[in-house]
Amino acid sequence: MREDTRSRIQEVALRLFTEQGYEATSLREIAEELGVTKAALYYHFKTKDDIVASLVDGRLAQLDELLEWFKGQPKTTETRRELVERYAELLSGTRHIEVARFLERNQTAMRDHPTLIKIRDRMMDLAAEMSGPDATPVERISRSLAMFAVHAGKWLVKEGELSEDEVHKAALEVARRLLEV
């Protein structure tokens with residue numbers, strides 16, 4: 001029951017943060033939307049920042065796991081390709097899109113959020129690990145852009161223009177081509 005309540009809070013908060021803006025949404029509004037008291041909401045989350053952290057903590061853990069896996073692999077084109085494919089799988093699903101949309105619409109408010117800084121740091125660590133110290137600037141940028149391609153592909157096509165699967169496949173193809181440089 002506790003996890004269900006947390007999930008409902010996250011769902012409502014995410015929707016309100018996206019629709020109204022993070023700064024314009026209060027904990028009171030979230031509680032009212034859920035039909036609970038502020039005290040009940042505080043039991044699960046003390047602040048809006050705690051809610052945001054709960055929305056992205058899972059992604060941070062996934063990135064940590066992906067980074068640890070990749071560190072133990074030989075730095076070949078095949079393992080880089082597998083890394084990008086694994087990363088693309090992490091981005092699949094509605095929750096990622098909803099959180100990404102919220103972050104995109106609230107960039108100013110979220111720019112310095114501690115959990116988001118950790119995610120940026122992990123992405124930089126992944127990019128550095130993909131290239132190693134001997135990579136040329138072109139190799140480093142191409143490999144970093146391969147990771148970005150699977151992420152950005154979801155945003156660079158008008159909604160409804162292509163299916164989720166078509167975007168996923170196309171972004172992976174672009175990423176694979178970037179890894180060949």
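**Figure 1. The whole chain, and how much of it is buried.** A residue counts as buried here when its relative accessible area is under 20%. By that cut-off, 40% of the 181 residues of the protein are buried. Keep in mind that this is a predicted model. The protein has 10 helices and zero strands, so expect no sheet anywhere in these views, helices and strands being DSSP runs. Reading from the N terminus, the order of elements is simply α-α-α-α-α-α-α-α-α-α. Along the principal axes, the C-alpha atoms fill a box of roughly 55 × 35 × 30 Å. Among contacts with a separation of 6 or more, 69% join residues 24 or more positions apart.

**Figure 2. Helix 5 and what packs over it.** This close-up follows helix 5, residues 77-90. Its 14 residues reach 20 Å from the first C-alpha to the last, close to the 20 Å expected at 1.5 Å a residue. Which residues of helix 5 are buried? They are Thr79, Arg80, Leu83, Val84, Tyr87 and Ala88. The cover over these buried residues includes helix 4 (48-71) and helix 8 (114-131), along with helix 9 (137-152) and helix 10 (164-179).

**Figure 3. Val84 and its partners.** Here we zoom in on one of the buried residues of helix 5, Val84. Leaving out residues up to four places away in sequence, Val84 touches Met130, Ala146, Met147, Val150, Leu172, Ala175 and Leu179. Val84 also turns up among the residues that touch the most other members of the largest nonpolar core.

**Figure 4. The largest nonpolar core.** This core takes in 43 residues. Those touching the most other members are Phe17, Ile30, Ile51, Leu83, Val84 and Val150. Two or more residues apiece come from helix 1 (2-20), helix 2 (27-34), helix 4, helix 5, helix 6, helix 8, helix 9 and helix 10. Helix 4 is the top contributor, giving 10 residues.

**Figure 5. Ala13, tucked into helix 1.** Ala13 sits in helix 1. Is Ala13 buried or exposed? It counts as buried, because its relative accessibility is 0%. Not counting residues up to four places away in sequence, Ala13 touches Ile30 and Ile51, and both of these partners are on the list of residues with the most contacts to other members of the largest nonpolar core. Thr47 makes a handy landmark: Ala13 and Thr47 are 34 residues apart in sequence, yet their C-alpha atoms are 11 Å apart in space.

**Figure 6. His113 in its loop.** Not every buried residue shown here is in a helix: His113 is in the loop between helix 7 and helix 8. With a relative accessibility of 6%, His113 counts as buried. Apart from its neighbours within four places in sequence, His113 is in contact with Asp49, Val52 and Ala53.

**Figure 7. The largest pocket.** About 1000 Å³ of space lies in this pocket. It is lined by 34 residues, and the ones closest to the pocket centre are Arg59, Leu103, Ile119, Met123 and His151. The elements giving two or more residues to the lining are helix 4, helix 5, helix 6 (94-105), helix 7 (107-110), helix 8 and helix 9. Helix 8 supplies the largest share, eight residues. Sorted by class, the lining holds 19 nonpolar, nine polar and six charged residues.

**Figure 8. The second largest pocket.** This one holds about 280 Å³ of space. Its lining is made of Ile97, Arg101, Lys154, Trp155, Val157, Lys158, Glu159, Gly160, Leu162, Ser163, Glu164 and Val167. Helix 6 and helix 10 are the elements that give two or more residues to that lining. The class tally is five nonpolar, two polar and five charged residues.

**Figure 9. A closed cavity beside helix 10 residues.** How many cavities of 30 Å³ or more does the structure hold? There is one, and the space in the largest cavity comes to about 40 Å³. Ala88, Leu91, Val150, Gly153, Lys154, Val167, His168 and Ala171 line this cavity. Helix 10 gives the largest share of the lining, three residues. By class, the lining has five nonpolar, two polar and one charged residues. Some names carry over from earlier panels: Ala88 is one of the buried residues of helix 5, and Lys154 and Val167 also line the second largest pocket.

Notes. Residues are numbered from 1 along each chain as its sequence is written. This is a predicted model: local features need pLDDT of at least 70, side-chain atom pairs count only at pLDDT 80 or more; totals for chains, interfaces and linings use all residues. Side-chain values use heavy atoms; hydrogens and water are left out. Helices (H or I, at least four residues) and strands (E, at least two) are DSSP runs, numbered from the N terminus. The expected span of a helix is 1.5 Å times one less than its number of residues. Buried means under 20% relative accessible area, exposed over 50%, partly exposed in between (1.4 Å probe, protein chains only). Contact means heavy atoms within 4.5 Å. On a 1 Å grid over the protein atoms alone, a cavity is a set of points where a 1.4 Å probe fits but cannot get out, and a pocket is an open set with protein on both sides within 12 Å along at least five of seven lines; lining residues have an atom within 4 Å of a point. Grid points are joined across faces, edges and corners, and a volume is the space filled by probe spheres set on the points. Ala, Val, Leu, Ile, Met, Phe, Trp, Tyr, Cys and Pro count as nonpolar, Asp, Glu, Lys and Arg as charged, and the others, Gly among them, as polar. A nonpolar core is a set of buried Ala, Val, Leu, Ile, Met, Phe, Trp, Tyr and Cys residues joined through side-chain atoms within 4.5 Å.
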